[in-house]
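Let's take a walk through a protein fold together. Have the sequence and the 3D view ready, and follow along at your own pace.

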Amino acid sequence: MTFVDMDVGKYLSRIGLTAPRKPDLELLRSVHIHHLLSVPFENLTVHSGGRVQLDLPLLYDKIVNQRRGGFCYENNSMFSWLLTKLGFDLRLVSGQVKNAITECYGPPFDHLIVMVTLEGRRWLCDVGFGTAGFTVPLSLDTEDVQEEGHRVYRIREAAGMRFLEWQKEENNGADGDWTQIYKFTLEPRRLENFTEMCNYHQTSPSSIFFCKSFCTTLKPGGRLTYIGHKLNTITFPTEATGGVVETTTRELKDEEIPGILAEKFGIVLKSPLIPKDEAITPPPVMY
């Protein structure tokens, strides 16, 4: 595809922001959380007869013009392009997600993440993850607990790797039980380095993206997730919920799904979706 430049104003409007300010931490946090609230993490292209290609103009058209979302390679590559246009210094890095179902890490280049360097400090950014994702950038210069609302995260370094961990929907301080989300290094990567794994996730029975059709987005006070034939609504802890996370599940019929995607996520597919929610096959190679 012939390369076209980004319309920064149109992209910012897509995520509910106006004219950019100077590239500081306040802007970085604002763009990060607005992206999560506006651009779903989804793989519906894979389950509606399409194919994801790591071509920036194609991704820009999909996410900005068609108002779709994407998985990590799409959302984070577009996010990094936007940040570059806004004047931020960054690099793409590679992560390996720990699958909550198989308990295995994915292969190298399993996950695309963004590291921003700002005024001598390093920040981990990720707008291409699901339920366990953080809402504002995390500091890479500390192993201390980092609080985000009712959640806590930390980035631990060991054996040349960094491990992103959380305590799920709890906050029990530094001595609580930590669960690994993904591991990564800070070695700079290029978008084309992720092409093979992008294809893998669209074809492998060991990938959640192939086995399950889903779309999820952060909402003020919670998260909304479509998967297979279900719509899950998560409400974060408040006084009204008694300080606990509430989850409700609605079963969906095939004919209801397009309407749900349009109404709840703003997504209208060009081709029919084939809902899918199959078991993930453990990979033959363990990482």
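The paragraphs below go through the sheet and then turn to the helices beside it.

Keep in mind that this is a predicted model. A little background helps here: the strands of a sheet pair through backbone hydrogen bonds, and the pairing can be parallel or antiparallel. In this model, eight strands make an open sheet, ordered E5-E4-E3-E2-E9-E8-E7-E6, with antiparallel pairing. Strands E5 and E6 (146-148) stand at the edges with a single partner strand each, so one side of each has no neighbour in the sheet.

Now look at one edge. Strand E6 is joined to strand E7 (residues 151-158) by three bridges, and the two run antiparallel. One residue to find here is Glu148, whose bridge partner in E7 is Arg151.

Next come two helices. Helix H2 (residues 25-38) packs on the sheet, where it touches E3 and E4; the direction of H2 makes about 5° with that of E4. Helix H4 (residues 72-85) packs on the sheet as well, touching strand E2 (89-97), E3 and E4. The direction of H4 makes about 20° with that of E3.

Both helices touch E3 and E4, so let's visit these strands. E3 (residues 111-118) and E4 (residues 121-125) pair in the antiparallel sense over five bridges, and Val114 stands opposite Cys125 in E4. The two strands form a hairpin with two residues between them. In the turn, Glu119 has a positive phi of about 55°.

Finally, E4 also pairs with strand E5 (residues 138-139), in the antiparallel sense over two bridges. There, Leu124 has Leu138 in E5 as its bridge partner.

Conventions
Residues numbered from 1 in each chain as written. Predicted model: local features only at pLDDT ≥ 70, side-chain atom pairs only at ≥ 80, totals over all residues. Heavy atoms only, no water. Pairing = 2+ DSSP bridges. Helix = DSSP H or I, 4+ residues; strand = E, 2+ residues; numbered from the N terminus. Contact = heavy atoms within 4.5 Å. Axes fitted to C-alpha atoms, helices over the stretch in contact; angles between N-to-C directions.
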